[in-house]
Amino acid sequence: MSPRHDSTPKNKPMESIVNDRTSTGRRGQSPDIHLNLNVRGLGQSATLAINERSAELAASGRHVFRFGLGQSPFPVPEPVENELKSNAHQKDYLPVKGLRTLREAVADYHRRTQGIEVNADDVLIGPGSKELMFILQLVYYGDLVIPTPSWVSYAPQAHIIGRQIRWLDTRAENDWRLLPEELEKLCKKDPTRPRILILNYPNNPTGDTYTADELKALAAVARRYKVVLLSDEIYGGVHHRGQHVSAARFYPEGTIISGGLSKWCGAGGWRLGTFAFPRGLRWLLDAMAVVASETFTSTAAPIQYAAVRGFSGGLEIERYLNQSRRILRALGNHCWQQLTSKAGCGMPKPKGGFYLFPDFSRHREAFATKGIRTSADLCDRILEDTGVAMLPGSAFGRPETELSVRMAYVDFDGARALAAAEEPEFQQELDLAFLQTYCPNVTDGIDRLVEWVNANG
């Protein structure tokens, strides 16, 4: 038998051998790039991108006023945080649909706050409502109908999955709320076409919400055309007056309520979302659970156990919510007043959440002389000149040349503000002195923005 011949040179480092082979032929080269066509061209979520850019600027020594990422400034309520600590040892995989006790707590929350008949079997738990929305679009075969302006991730998710996106225009004179006749106009073109309508309120990016009568009118159209209504009520708990109304009251058989812990409980990074389904859509819940079983398996166990305490409510949770709403109400009103009266912006007065959607179109001609022709141009220039970080309206489905922006007024120490709001001298509506003391980066950032607009517009 002849000896085995090895062509590898003796005593030559493997790293050098690999480099030699790579330089002389295809052997050792990486595979060619073959991205899914639905993913090609998509960028990072605009909200996350602005957060990272703000952090980079701050690290370089710039003072940044962070109006970009919409993250709750408030800490997780102490009883919920304590429950997480107590359940840190929970390490088992939980049921795909979610911890039974948590699903019961979520169902009870909807019954208690909205009078909606939901039980534990109607609830699905996931690692954030964002993930649940993605899986919903994956398993339901139909168009995604989105009023503009809308949250930045609805449309990209549909694009990734390959669903048709049908945009519904709204108008500034209606405070960007969807009118039933606009939904009717779309649906009557093809009455039996399957559709999911996303209705997000209190709204991101506008901060506005719907009245009960407006929801009834939209529900009537959705029922007539058997539209699946995904009611994204993630900001319902931070309605500034605590008066949120669910669309499921008026269209219970076709409405999926999307919620979670991120906004009203200050726990965005915990990643826990909830979907509450009508019983007639149990087949859809079950299909989503099948996909969940093959993807995320189950939501983190300690988070689910802690969430039971959050959805169960009680005096401490209610006090936390009431103070959070007081602060957001006062701060939102102040920002709105300054921008409308001193910078000439048009926008709805915020009624929930922590967003503003100002339009600077009245300054279009003056801005154009400075090379500002799109909302992205406007945001880039303002960030460079003032350190105020915002997102362009084009990231929310608006035309690029519309000079609208989204601002999240959350750049303050929520724990400190909550503690101060409990003091006896602040039992009435919170005044400007309170805001300047406990939310200075927001009030100063608004002042800086107003000064820039007046100097350049």
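A residue counts as buried when its relative accessible area is under 20%. His 239 comes in at 8% relative accessibility, so this residue is buried. Keep that cut-off in mind as you look around this structure, which is a predicted model. Here's a quick tour of its cores, its cavity, one helix and two loop residues.

**The nonpolar cores**
- The largest nonpolar core is made of 79 residues, and Ile 327 and Leu 339 have the most contacts inside it.
- Helix α11, covering residues 315-342, gives the most to this core, chipping in nine residues.
- What does Ile 327 touch, once you skip its neighbours within four places in sequence? Its contacts are Phe 74, Phe 412, Ala 417, Leu 418, Ala 421, Leu 430, Phe 434 and Cys 439.
- There's also a second, separate core of 34 residues, and Leu 132, Ile 196, Phe 275 and Ala 292 are among them.

**The cavity**
- Rolling a probe the size of a water molecule over the atoms shows where there is empty space left.
- Searching the whole structure turns up one cavity of 30 Å³ or more.
- The largest cavity has a volume of about 140 Å³.
- Its lining has 17 residues, and those closest to the centre are Pro 149, Trp 176, Asn 200, Asn 203 and Tyr 210.
- Strands β3 (143-147) and β5 (195-200) each supply at least two lining residues, and the largest share, three residues, comes from β5.
- Sort the lining of the largest cavity by class and you get eight nonpolar, six polar and three charged residues.

**Helix α16**
- This helix runs over residues 440-456, which makes 17 residues; at 1.5 Å a residue it should span 24 Å, and its end C-alpha atoms are indeed 24 Å apart.
- Plenty to spot here: the buried residues of α16 include Asn 441, Val 442, Gly 445, Ile 446, Leu 449 and Trp 452.

**Two buried loop residues**
- You'll find His 239 in the loop between β6 (228-232) and β7 (255-260).
- Leaving out neighbours within four places in sequence, His 239 is in contact with Pro 202, Thr 209, His 244, Arg 325, Lys 351 and Gly 352.
- Thr 148 sits in the loop between β3 and α6 (154-161).
- Is Thr 148 buried or exposed? Its relative accessible area is 2%, so Thr 148 is buried.
- Thr 148 and Leu 168 are 20 residues apart along the chain, yet their C-alpha atoms are separated by 6.2 Å.
- Not counting residues up to four places away in sequence, Thr 148 touches Trp 167, Leu 168, Asp 169, Thr 170, Trp 176, Gly 397 and Arg 398.

Definitions and conventions
Residues numbered from 1 in each chain as written. Predicted model: local features only at pLDDT ≥ 70, side-chain atom pairs only at ≥ 80, totals over all residues. Heavy atoms only, no water. Core = buried A, V, L, I, M, F, W, Y, C linked by side-chain atoms within 4.5 Å. Buried < 20%, exposed > 50% of the residue type's maximum accessible area, 1.4 Å probe, protein only. Helix = DSSP H or I, 4+ residues; strand = E, 2+ residues; numbered from the N terminus. Contact = heavy atoms within 4.5 Å. 1 Å grid on protein atoms, 1.4 Å probe; cavity = no way out; pocket = protein on both sides within 12 Å on 5 of 7 lines; lining within 4 Å. Points joined across faces, edges and corners; volume = space filled by probe spheres on them. Nonpolar A, V, L, I, M, F, W, Y, C, P; charged D, E, K, R; others polar. Expected span 1.5 Å × (residues − 1).
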